[in-house]
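Here is a quick walk through one model, helix by helix. Have a look at the structure first, then read on.

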Amino acid sequence: MPGARIERWFGWLPVAMVLAFLGFALFVVSESRDWPEGARLFPYWIAIGTVLLAVAELADRLRRRLAPGPVVEEGLNLADLGGDAVERTAPFLRASIVLFCWVLGLYALTALIGLTLAVPVWVAALLRLRHRASWPATAALAAGLVGLVLLLEWALMMRIPPGVLIP
């Protein structure tokens, strides 16, 4: 019964994604409160907007779940996680979970070693392991990303939070 299991996964996947975005946005709101005004402005308000959208999406899903009878969609459903017939296959679900794990890996690396090192390490791993890029191209891009992060840190006059392992 892998088909039934995949159907259950697709039923809960949008809710899990919305909860993940909500949690991340709440984290950004709490972390950016201590930043200087100029550095805090953009991430704080984007996170507030994300929180509001996530709460609205969860409320809409709850309303649909509690509605008596089937809910009839008005117009086209353009949701990314709509679950078209092509998307309801085991290979697509597996690829989606792998992609989600790569993104979680970036967040974990950022928390552990800080953004300045996490971005080039993650991009290098993604290019080399997932896309089989050459070593010279991977090294050049990783070095360029370190420079870009340091340039942004200097140009925006903000302190990029360090990681837990590498302060």
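## Starting from Thr138

Let's begin with one residue: Thr138 sits in helix 5. This is a predicted model, so keep that in mind throughout. Thr138 counts as buried, because its relative accessibility is just 3%, with the cut-off for buried set at under 20%.

What does Thr138 touch, leaving aside residues up to four places away in sequence? The list is Ala124, Leu127, Arg128 and Ala133. Ala124, Leu127 and Arg128 also turn up on the helix 4 side of the contact between helix 4 and helix 5, and Thr138 is among the residues on the helix 5 side.

## The chain as a whole

Stepping back, the secondary structure amounts to five helices and zero strands. Read along the sequence, that gives the pattern α-α-α-α-α.

The chain has 167 residues, and 21% of them count as buried. As for contacts between residues at least 6 apart in sequence, 61% join residues at least 24 apart.

## Helix 4 against helix 5

Two packed helices are described by the angle between their axes and the distance between the axes. For helix 4 and helix 5 (residues 135-155), the axes come within 9 Å and cross at roughly 155°. The pair is therefore roughly antiparallel, since angles over 145 degrees fall in that class. Their crossing is right-handed.

On the helix 4 side, the contact is made by Thr116, Val119, Pro120, Val123, Ala124, Leu127 and Arg128. Helix 5 brings Trp135, Thr138, Leu141, Ala142, Leu145, Val146, Val149, Leu150 and Glu153. Sorted by class, that makes 12 nonpolar, two polar and two charged residues.

## Helix 4 against helix 3

Now for the other partner. The axes of helix 3 (residues 90-113) and helix 4 (residues 115-130) come within 8 Å, crossing at roughly 150°. Helix 3 and helix 4 are therefore roughly antiparallel as well, and helix 3 passes helix 4 in a right-handed crossing.

From helix 3, the residues in this contact are Val98, Trp102, Gly105, Leu106, Leu109, Thr110 and Ile113. They meet Leu115, Leu117, Ala118, Val119, Val121, Trp122, Ala125, Leu126, Leu129 and Arg130 in helix 4. By class, there are 14 nonpolar, two polar and one charged.

## Helix 4 itself, and what follows

Helix 4 runs for 16 residues and reaches 21 Å from its first C-alpha to its last, close to the 22 Å expected at 1.5 Å a residue. Which of its residues are buried? They are Ala118, Val119, Pro120, Trp122, Val123, Ala124 and Leu126, and they pack against helix 3 and helix 5. Val119 appears in the contact with helix 3 and also in the contact with helix 5.

After helix 4 comes Arg132, in the loop between helix 4 and helix 5. Most residues other than glycine have a negative phi. Arg132 is not a glycine, yet its phi is positive, at about 55°. Buried or exposed, where does Arg132 fall? It is exposed, because its relative accessible area is 66% and the cut-off for exposed is over 50%.

## A look at helix 2

Helix 2 (residues 37-66) has 30 residues, which should span 44 Å at 1.5 Å a residue. Its end C-alpha atoms are 42 Å apart, which agrees. The buried residues of helix 2 are Ala39, Ala47, Val51 and Ala54.

Terms used. Residues are numbered from 1 along each chain as its sequence is written. This is a predicted model: local features need pLDDT of at least 70, side-chain atom pairs count only at pLDDT 80 or more; totals for chains, interfaces and linings use all residues. Side-chain values use heavy atoms; hydrogens and water are left out. Axes are lines fitted to C-alpha atoms, for helices over the stretch in contact, and angles run from 0 to 180 degrees between N-to-C directions. Helices (H or I, at least four residues) and strands (E, at least two) are DSSP runs, numbered from the N terminus. Angles under 35 degrees count as roughly parallel, over 145 as roughly antiparallel, 65 to 115 as roughly perpendicular and the rest as oblique. A crossing is left-handed if the near helix is turned anticlockwise from the far one by less than a right angle, and right-handed if clockwise. Contact means heavy atoms within 4.5 Å. Ala, Val, Leu, Ile, Met, Phe, Trp, Tyr, Cys and Pro count as nonpolar, Asp, Glu, Lys and Arg as charged, and the others, Gly among them, as polar. The expected span of a helix is 1.5 Å times one less than its number of residues. Buried means under 20% relative accessible area, exposed over 50%, partly exposed in between (1.4 Å probe, protein chains only).
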